[in-house]
Amino acid sequence: MVIAIIGVLIALLLPAVQAAREAARRVQCTNHLKQLGIAVHNLHDAQNRLPQRIYGDEGYGAAVKNSSPFSWAPTGGIQYWRWNHMLGILPYMELQSKYEELMTRINSGSMSGAANGIPYSRVQNFRTSVFLCPSDGNATNANGQVTDRVLNYVGCRGDALGMPIGSYDRRGMIGRGGSDGGQGSRDFSAVTDGLSNTLLWSESAMATSTEADSGVPMKGHLVAITGDSVFNANTLYPAPCTAMKSYGNFIDLPNHAVFNNQKGSKIFDGFGVFAIFHAVLPPNYPSCATSSSPYSSEPYHFLVTPSSYHTGGVNACFGDGSVRFISETIDAGNITVNISTFGYQEVPGTGQRDITGESPWGVWGALGSINGAENKSF
C-alpha cells in the first residue's frame, strides 16, 4: 500500500517537476536572446549600423586585402561575402578573442578549400552556450555526446520570400550589407515601424545529426518541396509548406525532411537557411525549400519558420532588446493565398517581386517588417 501511495505521489509530482524545469530553461533562453539584443545595440552604438547577414564589413575587408572577388556567384576562391551577422556581434558579447581568431584566419585566406569555395563560415568547432537554447536537446545525442549543433538563434529577414540574396532583405532588421563593402546595411533609423514593434531575433530548432527516409522529426528540418513553383518570383506561394503541418511532428516520404545535417551547424554562414527566419508562417510551422540549387546541393528557394521546443510557441527578441513569447496561434493572415496578389511590385531588372506597404501576414508579418506602417496590436 505504501509503495502504491508513493507511486501515485511520484506520478502527480513528475509533471510539475518537468514543467518547472522547462520554465527555468525558457527563462535561460530568454536571457540568451536579451544578450543578443544588447550586442546588436552595442554594435549599433559603435558603428551606426545593424549587423549584416551577408556582404558584411569583415568579409569585404578580407576580400580587398586578399585581392579576391566579393560577388554572389561562386566562381572560385573564398566567398567572403557569405560571413554573416553572428561574426560581427562577437566583440560585443565578450567574445573578442574568438572574433580576432576568426578574422586572422579570414584575412590570411586560410579558410579556402570548402565546397564551391565557400569559406569555413560554418566553423563547426565553435560552441558557446549563449547561442544555444537549453530546451533543444539536439546539441548532444542519445549517449550524451556533443554533436555539431551549435546555433539556436537566427535574425529576422522580414516578411518577404525570396532567393538567397536580393531585394527581399529590405523588409527585415537583419539584411545584407553593401556589395561594394562599407556601410551597406541599414541602421535603426530605417525601422520606422518602431523598434519595440519589430522582430530582431527568434529561435530555430536545430536539426538532428542523422537523416532517415521516414519518421524524421519536423522541427529543425527543411521539408523538400519539388519544383521552383513554390517559391519563384511569379507565385511566392507558401500554401504547399503550410500543408506540411498536417503531417504533425513527423514527415514521411515523399515529403521528407532534407538538408538535415545543416540546420544549426553553420554558425557564421549567411546563407538564409542557416542564418535567418521569415515572418510568414506562424512559429513551429514547417520550414520548406526546393531541393535543387544552381550553385550547390544546398536549397535555393526557401521559407524558414522560427521553431522551438517550448510548448506553444517561440521566444523572440525585438529591436528594442525586449524579449516576448510568440504563440504559434498568432494571427498570420491567410497563409493559403497566392501572395503575388498582395501588392508585390516587380523590382526593376531583377524579375523578382517585393512587398510594399502593409504586410499580408497579419500581426505576425507586421512584426517582421521594418517599415510596413501597419497598425496592429500584439
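Me: Where does alanine 207 lie?
Reply: This is a predicted model, in which local features need pLDDT of at least 70, side-chain atom pairs count only at pLDDT 80 or more, and totals for chains, interfaces and linings use all residues. Residues are numbered from 1 along each chain as its sequence is written, and side-chain values use heavy atoms, with hydrogens and water left out. Helices (H or I, at least four residues) and strands (E, at least two) are DSSP runs, numbered from the N terminus. With those labels, the place of alanine 207 is the loop between β2 and β3 (216-217).

Me: Is alanine 207 buried or exposed?
Reply: Buried means under 20% relative accessible area, exposed over 50%, and partly exposed in between, with a 1.4 Å probe and protein chains only. The relative accessible area of alanine 207 is 0%, so this residue is buried.

Me: What distance separates the C-alpha atoms of alanine 207 and leucine 222?
Reply: Along the chain, alanine 207 and leucine 222 are 15 residues apart. In space, their C-alpha atoms are separated by 8.8 Å.

Me: What is the strand order in the open sheet of 5 strands?
Reply: Two strands pair if DSSP finds at least two bridges between them. Pairing in this open sheet is mixed, and its order reads β7-β1-β2-β10-β11.

Me: Which strands stand at the edges of that sheet?
Reply: An edge strand here has a single partner, so one of its sides is left without a neighbour in the sheet. That applies to β7 (276-278) and β11 (323-327).

Me: By how many degrees are neighbouring strands of this sheet turned against each other on average?
Reply: Axes are lines fitted to C-alpha atoms, for helices over the stretch in contact, and angles run from 0 to 180 degrees between N-to-C directions. With direction ignored, the average turn between neighbouring strands of this sheet is 40°.

Me: Over how many bridges do β2 and β10 pair?
Reply: Let's start from β10 (residues 313-318), which also pairs with β11, in the antiparallel sense and over 5 bridges. There, glycine 313 stands opposite serine 327. On the β2 (residues 199-203) side, leucine 199 stands opposite phenylalanine 318. The pairing of β2 with β10 is antiparallel too, and the number of bridges is 3.

Me: How many of the 6 residues of β10 are buried?
Reply: Strand β10 is largely enclosed by the rest of the structure. The reason is its count of buried residues, which is 6 of the 6.

Me: Which residue in the hairpin of β10 and β11 takes a positive phi?
Reply: This hairpin has 4 residues between the strands. The positive phi, near 95°, belongs to glycine 321.

Me: How exposed is asparagine 48, as a relative accessibility?
Reply: Most residues other than glycine have a negative phi, and most peptide bonds are trans. Asparagine 48 has a positive phi of about 55°, and lies in the loop between α1 (2-47) and α2 (57-65). Asparagine 48 counts as partly exposed because its relative accessibility is 48%.

Me: What is the relative accessibility of alanine 373?
Reply: Alanine 373 also has a positive phi, of about 60°, without being a glycine. Its place is in the segment after α7 (362-368). Alanine 373 counts as exposed because its relative accessibility is 65%.
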